[in-house]
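Welcome to a short tour of this fold. Have the sequence and the 3D view at hand as you read.

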Amino acid sequence: MERELDVRGLRCPIPLVRARSLVGALAPGDVLLVRATDPEAPVDLGALAADRGLTCDAEPEPGGWRIALRR
């Protein structure tokens with residue numbers, strides 16, 4: 001299942017805090033798609049993924065980032 005978290009316009013640490021609250025509920029194969037404008041989001045969410053044993057794929061998109069966290 002894919003869930004989307006839209007944190008565009010929010011600054012650090014809000015994207016990280018909101019993503020952290022959702023990744024615990026990801027089942028194997030699930031994806032949390034985060035859309036963010038904070039330039040630190042790929043770094044912060046990459047570290048969160050590493051801590052939780054998830055994969056993290058970050059791609060730039062117009063005006064921000066598309067970050068996929070996969071269990």
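Strands β1 (residues 2-7) and β2 run parallel and are joined by six bridges. Please keep in mind as you look that this is a predicted model. To find the pairing on screen, start at E2, whose bridge partner in β2 is V31. Between the two strands the chain passes through a helix: β1, helix α1 (residues 14-23) and β2 form a β-α-β unit that is right-handed.

**The strand in the middle of the story**

Strand β2 has another partner too: β2 and strand β4 (residues 64-70) pair over six bridges, this time in the antiparallel sense. A handy landmark here is A36, which has W65 as its bridge partner in β4.

Is β2 enclosed or open to its surroundings? Six of the six residues in this strand (residues 31-36) are buried, so β2 is largely enclosed by the rest of the structure. In a regular strand, side chains alternate between the two faces of the sheet. You can follow this pattern in β2, where V31, L33 and R35 point one way while L32, V34 and A36 point the other way, and all are buried.

**Salt bridges**

How many salt bridges does the structure hold? There are four, and three of them are worth a visit here:

| Salt bridge | Closest N to O distance |
|---|---|
| R35 and E4 | 3.2 Å |
| D6 and R8 | 2.6 Å |
| E61 and R35 | 2.5 Å |

Take R35 and E4 to begin with, whose side chains meet in a salt bridge. R35 sits in strand β2 and E4 in strand β1, so this pair ties together parts that are 31 residues apart in sequence. With a relative accessibility of 17%, R35 counts as buried, because buried means under 20%. E4, at 48% relative accessibility, counts as partly exposed.

Next comes the contact between D6 and R8, again a salt bridge between side chains. D6 is partly exposed, with a relative accessible area of 40%, and R8 is partly exposed as well, at 44%.

Now return to R35, which also forms a salt bridge with E61. E61 belongs to strand β3 (residues 55-61) and R35 to strand β2, so the pair links parts that are 26 residues apart in sequence. Salt bridges with shared partners thus join E4, R35 and E61 into one network.

**Helix α2 and its two sides**

Helix α2 (residues 41-52) has twelve residues. From its first C-alpha to its last it reaches 16 Å, close to the 16 Å expected at 1.5 Å a residue.

Which residues of α2 are buried? They are A41, P42, L45, L48 and A49. Seen down the axis of α2, these buried residues fall within an arc of 125°, so they line one face of the helix. On the other side of α2, V43, A50 and D51 are exposed. What covers the buried residues of α2 includes α1, β2, β3 and β4. Strand β2, itself largely enclosed by the rest of the structure, is therefore part of that cover.

Just after α2, look for G53, which takes a positive phi of about 75°.

Note on methods. Residues are numbered from 1 along each chain as its sequence is written. This is a predicted model: local features need pLDDT of at least 70, side-chain atom pairs count only at pLDDT 80 or more; totals for chains, interfaces and linings use all residues. Side-chain values use heavy atoms; hydrogens and water are left out. Buried means under 20% relative accessible area, exposed over 50%, partly exposed in between (1.4 Å probe, protein chains only). Helices (H or I, at least four residues) and strands (E, at least two) are DSSP runs, numbered from the N terminus. Two strands pair if DSSP finds at least two bridges between them. A crossover is right-handed if, with the strands pointing away from the viewer, the path from the first strand over the helix to the second runs clockwise. The expected span of a helix is 1.5 Å times one less than its number of residues. The arc is that of the directions from the helix axis to the C-beta atoms. Contact means heavy atoms within 4.5 Å.
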